[in-house]
Amino acid sequence: MFVSIVSYGLAVGAVYALIGITYNVMFSASRVFSFTAGMLGMLGGVLGALFINKMGMNAFVAFLLVLAAGAVLGIVTEILTVRPVLKSIEQHLYVLSTLAFALMIQQVTAIEYNTEPQPFPVLFPIDPNSWLGIVDQKIWLPVLACIVTIVGLELLYRKTLIGRAFLAIAEDSYAARALGLPETRLRMASYAIAGVIGALAGFTGAQMLLAFIGNQAILNFYGFVPVALGGMGSNRGAVIGGIALGLFQQAANFLVGGIFASVAVFAVFIVVLLLRPEGLAGAAAARRV
Amino acid sequence: MTDATSPISTARAPAGWLGRLEGSWSWIALGLVGLLLPLLDDSYFGVIAQRAYIYWILSAGLNLVVGYAGQIAIGWVAMLTLGAYTTAALAAGRVGGVEWHPYLALIAGGAMGAVFGVIVGLPALRLRTFYFAMTTLGFATIVTQVALAWKDVTGGGVGTPGPVFPWPFEPGWGFYYFCFILAALATWITANIGSSRYGRALVAIRDAEVAAEASGIAKPKLLILIFLLAGGLGGIAGGLFSSLQSYITPDAFTFEMSVLFFIGILIGGRGSILGPALGTIILTVLPEFAAPLVQWSTFLYAALLLVIVLVIPGGIADLLDYKNRRPLTQHREILPRPELLSRVLGTKGEANAIRLANIALHFGGVRAIDGLDLEIRSGEVHGLIGPNGSGKTTTLNVISGYYRPNTGTMKLDSADLPFDKPHARAHYRIARTFQTPRLVGAASVLENVMIGGTVRGHGTFAESMLSLPRHHRDEKQLKDAAMQALATVGLESLAAVRADRLQHSELRFMEIARGLMLRPAFLLLDEPAAGLSPEEIRRLGALIKAISREGTGVLLVEHHADLIFDICDRVTVLNLGKTLAAGTPAEIRSHREVVSAYLGA
Amino acid sequence: MPTSAREPLLTINGLAAGYGKIGVLRDIDLAVRTGEVVALLGPNGAGKSTLLKAISGLLPRQGSVRFAGQDMSGAGPGDTVRAGLVHVVEGHRVFTQLSVIDNVMLAGYGLPREERAVQVEEALAFFPDIAAKRHDRAGTLSGGQQQMLAVAQGLVRRPRLLMLDEPSAGLSPVLVDRVLAAVARLREGGTAVLLVEQLIEKALASADRVYALARGSIVLEASTDEDDLPNRLERAYFGQDAHAPLES
């Protein structure tokens with residue numbers, strides 16, 4: 001039982017962490033939180049099920065297509081819902097524009113696909129009784145995805161110039177612009193990367209979470225909790241927060257049942273935020289006057 | 001009263017009158033349709049109308065939260081859920097075995113909504129926009145899940161029957177009129193708040209928070225009142241909803257519903273009552289008449305929201321506001337009339353001086369202010385100058401309560417001025433303007449100036465809500481005072497114009513008018529001459545001088561050396577957070593070190 | 001400096017700019033010739049930084065800007081940098097989370113790799129102290145070192161005109177001299193410099209010509225070898241209205 005809690009906790013926590021990273025990558029590039037993180041996660045699962053189950057595609061090809069779809073959606077998000085409102089004085093409009101877009105995509109999916117949770121195919125034909133099958137793939141897939149993403153982002157940020165350009169824009173977009181860095185193109189690229197990460201989270205987590213449009217709302221919230229707790233823009237905080245959230249949720253589920261587990265998570269979320277609005281690792285808000 | 005040279009006076013009088021009437025006509029028309037609908041004796045229309053009334057009762061309250069206060073509470077359907085289940089469970093006797101009378105159950109539903117409205121709303125005081133939106137979403141999900149799980153009270157997934165109201169509001173047309181009356185009441189109440197100083201204060205918090213603070217508006221108290229009211233209305237709407245549906249289950253309260261309320265308000269336009277009402281009605285009624293599109297309704301609403309946000313953020317209300325599209329005269333002049341000041345400022349108070357002693361403030365390793373003594377005396381204009389980074393604006397921010405210094409004292413005569421409490425300054429009659437004008441762009445110039453006098457009102461929130469006499473007295477006094485202040489600074493002809501249509505220099509004078517509403521004993525001006533033409537600077541100087549002659553102590557932070565030397569009685573020069581020199585303008589002008597500091601050595 | 005019959009490297013005509021509704025600059029005419037150092041002086045709030053931002057495209061503007069024979073209408077910072085006009089903004093805003101070498105490399109973003117490597121080394125050679133700290137995080141540098149790093153960033157593109165916004169701000173006199181020595185070396189190498197400065201005497205010593213900006217307009221234009229410049233500048237700063245003349 002304990003093993004089950006820990007393994008499920010790690011797996012679902014890894015998905016939450018990846019969605020948190022999705023939020024962070026978009027935030028670092030634009031200083032904007034987007035409601036599309038959950039949408040990307042949801043589509044990772046739904047599109048995967050659609051391609052493999054309904055359209056009979058090879059799992060690997062489907063995987064690549066799903067990631068590509070994530071990238072495209074990320075770019076569309078930037079062009080359609082973020083760029084136009086960045087210029088406006090009313091910054092809160094981005095909350096509404098990204099929400100509207102995420103809702104539109106969700107509704108289209110609901111109508112064209114299915115409103116009920118659909119099964120997601122087993123990706124690797126591994127015999128559960130063999131030694132390879134000791135850990136269920138629905139557990140290690142998201143964890144592996146999380147590790148790959150973190151390592152990949154580190155390599156990107158530390159070893160490539162474009163990665164360092166992302167870091168520059170995240171730190172001081174004005175100075176980056178003055179230096180001649182192509183701010184808009186870099187922002188679009190960031191959103192594309194965020195799209196890929198979100199889709200990856202959904203695809204690898206779908207054996208657990210199934211292909212379900214309701215995942216959008218679930219991932220929107222539970223993917224945001226790590227960001228809120230870990231500090232905006234901090235991927236490290238998102239990972240720690242995500243894993244902690246996953247473990248806490250599974251433990252609470254086991255101890256007090258599903259509903260109270262949700263209430264417990266929500267209560268912790270609110271209490272932490274009220275005590276430290278900038279999160280446990282974040283920096284305090286800047287001067288307003 | 002209107003000046004012959006005012007740019008839009010000839011068009012203003014009839015338009016204002018017509019504008020009010022035009023608003024009333026819409027309500028009268030809606031009211032007539034509502035009253036007479038039963039004559040059609042079509043129960044299908046009746047049900048749609050009842051649903052529209054119920055949604056509007058909730059949205060009227062939410063409108064104050066979202067439209068006026070600008071809080072993105074997207075999970076507000078939770079109030080509907082709470083109210084519905086509270087009313088239904090109590091009326092059905094599922095709590096404590098006693099069957100409550102439907103009216104009492106309804107009131108209890110409203111009370112539940114009010115309490116939770118405050119609970120859900122409290123985080124808004126501390127959290128950023130997106131974070132707050134997420135917490136409301138989380139809350140809405142929790143409520144639905146609790147409804148699913150708490151089978152004893154809510155019936156769980158199976159659901160529970162809603163209450164049946166007795167005569168004269170029995171199901172059918174009786175209940176129809178009940179909903180109609182309550183919707184009318186909700187409209188009246190929220191419209192009263194919207195057009196009161198509370199409504200203006202909300203909008204000020206939304207669009208110009210620092211200016212709201214400087215005018216004495218306390219955000220927490222006001223937001224709590226609004227969440228209380230909005231939650232209560234939502235709860236009552238929920239109770240009515242449970243009766244209309246006759247039977248409620250948790251999946252009746254979807255996230256899409258929350259979005260619907262939200263979109264209705266935004267389509268309607270923020271800061272308006274009529275707009276969101278029309279928006280909500282349209283969104284409720286539309287799916288009924290476009291049957292094949294029902295499946296796509298949420299998609300279309302979301303698409304509509306996106307279009308509104310990108311193209312017409314002001315919503316229907318903006319589209320209807322044709323009088324604010326009339327062109328203004330091109331080359332307007334600002335002609336202050338300092339002779340009106342004595343009426344505006346009233347009697348001189350007893351306050352004599354603000355004294356800062358040994359103030360020091362560090363930000364990280366930077367010493368923004370490094371041991372500063374400063375005295376602002378009544379009836380004097382005290383100039384504060386210095387190179388960039390010398391600490392001028394920081395000093396002003398310390399005086400107006402935004403920063404807490406690390407050491408030092410600040411006194412108003414013998415009383416300590418509290419640090420970190422910007423909204424307390426209004427009560428000390430300390431007013432200020434800002435380096436970049438802070439204004440409510442969507443409100444009129446007059447409303448912007450009236451915001452400055454918010455703390456001068458005496459009526460309570462409840463009195464405004466119910467349109468009682470003291471509220472009307474307040475409004476008249478505030479309006480008269482604001483018009484006088486505008487006349488003093490030379491902007492009365494632009495009183496009805498949307499503030500974001502004004503030129504930059506006019507906005508600077510408008511900020512001064514807003515400051516005058518406090519009848520300030522001390523007026524702190526942060527670079528008021530920036531962006532003004534030489535002639536405007538001259539007039540500004542004359543106005544400031546006249547204000548000080550009425551007894552107000554003025555602190556003038558400025559770059560424009562000529563303005564400083566022209567009108568100041570005393571000047572303090574800051575450099576690197578310390579006083580470099582202090583004295584009369586003549587002394588400062590010939591002070592070698594000052595000149596060097598300015599020019600760099 | 002012989003007057004060239006050719007068009008100046010940078011020509012500004014009738015420039016107006018501001019922030020939103022706030023108009024700051026009115027009808028500015030200014031020119032910088034190839035290889036000359038021009039100082040832009042003026043009291044706070046006059047609009048010096050605003051002018052540089054308008055030229056490099058960080059702020060929208062009206063009026064005409066011509067650089068190296070090209071019309072720069074609608075050009076943003078990326079375009080001006082590629083054209084050879086580089087703006088080092090005020091406040092030594094370097095990326096504190098990145099290393100010194102990364103900071104300088106980013107200034108060469110978009111250049112082919114070999115070119116970038118060469119030009120980065122050239123830029124660092126101007127400031128050996130900074131080059132020695134190439135792997136340190138920029139946040140560990142002192143204010144003065146960060147300023148030199150910022151200037152190094154500006155040099156990576158081998159600009160034809162380098163605009164420096166108050167490079168001396170917050171620096172000790174020794175470091176100020178170091179920065180101005182770099183300006184002199186640039187001039188020797190044929191790079192033109194437009195230098196915004198608060199320190200009048202130092203600026204006059206480094207520059208060939210000077211403009212004074214006050215209250216949004218050019219109030220003085222002179223060559224630095226003319227007489228009585230400091231006094232003329234003071235008067236220009238404080239306005240020539242009816243005020244008591246400054247005691248000297």
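Helices (H or I, at least four residues) and strands (E, at least two) are DSSP runs, numbered from the N terminus. This is a predicted model, in which local features need pLDDT of at least 70, side-chain atom pairs count only at pLDDT 80 or more, and totals for chains, interfaces and linings use all residues. Residues are numbered from 1 along each chain as its sequence is written, while chains are lettered from A and ligands numbered from 1 in the order in which they are written.

**Exercise 1. Place B:Ser467 and state its phi.**

Step 1. Find the flanking elements. B:Ser467 sits in the loop between α18 (461-465) and α19 (469-489) of chain B.

Step 2. Read the backbone. Its phi is near 60°, a positive value in a residue other than glycine.

Step 3. Apply the burial classes. A residue is buried if 20 or more other C-beta atoms lie within 10 Å of its own, exposed if 12 or fewer, and partly exposed in between; C-beta atoms are placed from the backbone. B:Ser467 has 15 other C-beta atoms within 10 Å, so it is partly exposed.

**Exercise 2. Treat C:Arg158 in the same steps.**

Step 1. C:Arg158 lies in the loop between α6 (143-155) and β7 (161-165) of chain C.

Step 2. Phi of C:Arg158 is near 45°, a positive value in a residue other than glycine.

Step 3. C:Arg158 counts as partly exposed because it has 15 C-beta neighbours inside 10 Å.

**Exercise 3. Describe the peptide bond from B:Trp167 to B:Pro168.**

Step 1. The bond is cis, with omega near 5°.

Step 2. B:Pro168 belongs to the loop between β1 (160-161) and α7 (173-194) of chain B.

**Exercise 4. Work out the four-strand open sheet of chain B.**

Step 1. Set the rule. Two strands pair if DSSP finds at least two bridges between them.

Step 2. Write the order: β4-β3-β6-β7, with antiparallel pairing.

Step 3. Find the edges. β4 (366-377) and β7 (415-416) of chain B each have a single partner strand, so one side of each has no neighbour in the sheet.

Step 4. Add the helix. α16 (residues 392-399) of chain B packs on the sheet and touches β3, β4 and β6 (407-412) of chain B. Two residues are in contact if their C-beta atoms, placed from the backbone, lie within 7 Å. The direction of α16 makes about 65° with that of β4(B). Axes are lines fitted to C-alpha atoms, for helices over the stretch in contact, and angles run from 0 to 180 degrees between N-to-C directions.

Step 5. Check one pair. Strand β3 (residues 353-363) of chain B runs antiparallel to β4(B), and nine bridges join them. B:Leu361 has B:Ile369 as its bridge partner in β4(B).

**Exercise 5. Work out the six-strand open sheet of chain B.**

Step 1. The order is β8-β9-β10-β5-β11-β12, and the pairing is mixed.

Step 2. β8 (430-432) and β12 (578-583) of chain B stand at the edges with a single partner strand each, so each has one side without a neighbour in the sheet.

Step 3. On average, neighbouring strands of this sheet are turned by 15° against each other, direction ignored.

Step 4. Strand β5 (residues 381-385) and strand β10 (residues 553-557) of chain B pair in the parallel sense over four bridges. B:His382 has B:Leu555 as its bridge partner in β10(B).

**Exercise 6. Summarise chain A.**

Step 1. Chain A has eleven helices and zero strands.

Step 2. Buried residues account for 52% of its 289 residues.

Step 3. Among contacts in chain A between residues at least 6 apart in sequence, 77% join residues at least 24 apart.
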